[in-house]
Amino acid sequence: MKMDVSAFVGYLEDANRLICENRDYVTRLDAETGDGDHWANMNMGFSKLLSKKESLAAMGLPDLFRECGMTMMSGVGGSAGVLYGSAYLALSKAFAGRDYIDEGGVVLYLETQAEAIMKRGRVEPGNKTMLDPLYQAKLSVEEALKQGVHGAALLEALKAGADQGMRATAGMPAFKGRACYRPDKGVGHLDPGAVTMEYQLRAFADKMLEGEPA
């Protein structure tokens, strides 16, 4: 189980495809509790990333993460750009000297992003944000490893955790963004940032699953 730079660029393409395919759904979700621009912001960021895919593929992994961070920070509007940018810049430091993400690096990948988002965004799990699927994916992978789960089953645990964390946001009151000013604080609605984060985690796991025995 290894994701090198080439595979990571392929993951970015897959994540972008999922986001693009769900344009109307994500926009509708955001319009229900926010200002309706989350999909457009994420699409802009990924479009800028993929406009650089040839140069990204020629970089080492830490430099790729750094470039992703700077691009997302400048290319995604609102708080999401800053949070994704911070997460990628933290990954650049965490993966210094590494050429790929292996099974042992999956937890580092998830944990590093979660910690960066919590610190920069001043959010915690349960705050109805993009953090929730990411943090639950991390917990699920950690628990699976404790139980001796490896390979494809470990990546399925990652996907299941991300899905669980995303779906849980429907029952959470919002602490950030426009939804927190609604009388219902967005309870009953999925957080759109959590939805697009789940798309990315799913695409990440699926890319790592390529070539793994079932």
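Colleague: Where is K128 found?

Modeller: A quick note on ground rules: this is a predicted model, where local features need pLDDT of at least 70, side-chain atom pairs count only at pLDDT 80 or more, and totals for chains, interfaces and linings use all residues. Residues are numbered from 1 along each chain as its sequence is written, and side-chain values use heavy atoms, with hydrogens and water left out. Helices are DSSP runs (H or I, at least four residues) numbered from the N terminus. On that basis K128 is found in the loop between α7 and α8 (131–146).

Colleague: Which side chain of opposite charge is nearest to K128, and how far away is it?

Modeller: Lys and Arg count as positive, Asp and Glu as negative, with His and the chain ends not counted. K128 is buried (under 20% relative accessible area; over 50% is exposed, in between partly exposed, with a 1.4 Å probe and protein chains only). K128 has no salt bridge, that is, a Lys or Arg side-chain nitrogen within 4 Å of an Asp or Glu carboxyl oxygen. The nearest candidate is D191, at 6.4 Å.

Colleague: Which backbone oxygen does the K128 side chain reach at 2.6 Å?

Modeller: The backbone oxygen of G186 sits 3.0 Å from a polar atom of the K128 side chain, so that isn't the one you're after, as a polar contact is an N or O pair within 3.5 Å (one able to donate a hydrogen, the other to accept it; neighbours in sequence count only side chain to side chain) and more than one can qualify. The 2.6 Å partner is the backbone oxygen of H189.

Colleague: What volume does the largest pocket have?

Modeller: A pocket is an open set of points on a 1 Å grid over the protein atoms alone, with protein on both sides within 12 Å along at least five of seven lines, and lining residues have an atom within 4 Å of a point. Points join across faces, edges and corners, and volume is the space filled by probe spheres set on them. The largest pocket comes out at about 670 Å³.

Colleague: And which helix gives the most to the lining of that largest pocket?

Modeller: Of 27 lining residues, the closest to the centre are S79, A80, K176, G177 and D191. The elements giving two or more residues are α2 (23–33), α3 (38–50), α6 (78–94), α7 (103–121) and α10 (192–209). With four residues, the top contributor is α6.

Colleague: Back to charges: how many residues apart are the parts that E67 and K52 tie together?

Modeller: The structure holds ten salt bridges, and in the E67–K52 one the closest N and O atoms are 2.8 Å apart. E67 lies in helix α5 (residues 61–75) and K52 in the loop between α3 and α4 (53–57), so the parts this pair ties together are separated in sequence by 15 residues.

Colleague: K138 pairs with E142; is K138 buried or exposed?

Modeller: Both lie in helix α8, four residues apart, about one turn, with their closest N and O atoms at 3.2 Å. E142 has 23% relative accessibility, so it counts as partly exposed. K138 is at 8%, so it counts as buried.

Colleague: Which element supplies the largest share of the largest cavity's lining?

Modeller: A cavity is a set of points where a 1.4 Å probe fits but cannot get out, and the largest one is about 50 Å³. Its lining includes Y84, Q113 and F204, while α7 and α10 each supply at least two residues. The largest share, four residues, comes from α10.
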